[in-house]
Amino acid sequence: MSKAAELAALIGSGQAQGNKNLIINGAMNVAQRGTVTSVTNGMYGGPDRYAITENNDLVVTLSQDTDVPTGNGFLNSMKVDVTTADSSTAAGEYGFLGQKFEGQNLQRLKKGTSNAESVTLSFWVKSTITGTYIIQLYDSDNTRHICKSYTISSSNTWEFKTLTFAGDTTGAFGDDNGHSLQVYWWLVAGSTYTSGTLATSWAGFTAANAAVGQVNAVNSTSNNFYLTGVQLEIGDVATPFEHEYFGTTLAKCQRYYELLEGNVYPTDYSSQVLGNYYWVVPKRAVPTVTSDTNSGGHSFNGVYKSGGYIYNGSKDYNSVVNVRGSSEL
């Protein structure tokens, strides 16, 4: 097929249109939390929208890094730096990096119908440890999964990977703001997750079939794992990465996590004090609110997806510095 014919086919399929990438922050450009150390299960850090899930000895630092595959338009990557290794993996232990998706953002996949769409995941990866790695798509609405393996051939060398996953005609995603799907980049897996046959077709979740062949990429504090250029799109072809404006990516990330830089000052409210704040982007759900500095001991009231207030029953006028709201999936 000629390049013109291939492009025409992609346009006709919708793959060459804007907003094709289901992944948020695939170029790792937005990092509102900055570097986060001592990361364990369920914690985020470095580039937005990616979290570590684990149940072993693993502890990592997540950071935004400038180590990238040159000549591809990327300036940032996710760095997973092992600070406490999992050198002896028990049967039921696991560890992976992942991103979660709202069901209402997945309806174009037509999952659970006869017209279910295949998807292609492409990404650049670099790791200290060579060998077989596993990518898993996990449907949490219907407890189903599909997995593919890829190989890292050279230590500490950027490599481009592309994997295609068939559409699933069983089990629709919920059309809501809940967690329906996640993509896992496995880093380590005990025998509970490696003793079966890799689930290369959609099936009900079976732990033994989730990560067959996965190497231990976190067995030393000398190990690092890097990721960038992540794209998940409809179809059987990995099209060129969709670079988008920084502000567009930032707004997508702020739906789930937002840093309001600066001070929120309380003012008189009868015999108490109160200070309002407003999010730049309304949150997915009413967020959990924290701050970097709260010397006045003010309480946080998230209240709305669009904002909330700080409150103190006594007349304390100390400001709250850098309010942070999280409504991650």
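Here are three short exercises, with worked solutions, on the predicted model above. Residues are numbered from 1 along each chain as its sequence is written.

**Exercise 1.** Find how many helices and strands the chain has.

*Solution.* Start with the terms: helices (H or I, at least four residues) and strands (E, at least two) are DSSP runs, numbered from the N terminus. With that rule, the chain holds two helices and 19 strands.

**Exercise 2.** Work out which residues of helix α2 are buried, and where they lie around the helix.

*Solution.* First, the cut-off: buried means under 20% relative accessible area, with a 1.4 Å probe and protein chains only. In α2, residues 246-254, the buried ones are Thr249, Cys253 and Gln254. Next, look down the axis of α2: its buried residues fall within an arc of 135° (directions from the helix axis to the C-beta atoms), so they line one face of the helix. A general rule helps here: an α-helix has 3.6 residues a turn, so residues three or four places apart point the same way. Finally, ask what covers these residues: the cover includes β13 (257-264), where contact means heavy atoms within 4.5 Å.

**Exercise 3.** Compare the radius of gyration of the chain with that of a compact globule.

*Solution.* Take the radius over C-alpha atoms, and use the globule rule of 2.2 Å times the number of residues to the power 0.38. For 329 residues, the rule gives a value near 20 Å; the chain has 21 Å, which agrees. The C-alpha atoms fill a box of roughly 70 × 50 × 40 Å along the principal axes. As a last step, look inside: 51% of the 329 residues count as buried.

Note on methods:
This is a predicted model: local features need pLDDT of at least 70, side-chain atom pairs count only at pLDDT 80 or more; totals for chains, interfaces and linings use all residues. Side-chain values use heavy atoms; hydrogens and water are left out. Buried means under 20% relative accessible area, exposed over 50%, partly exposed in between (1.4 Å probe, protein chains only).
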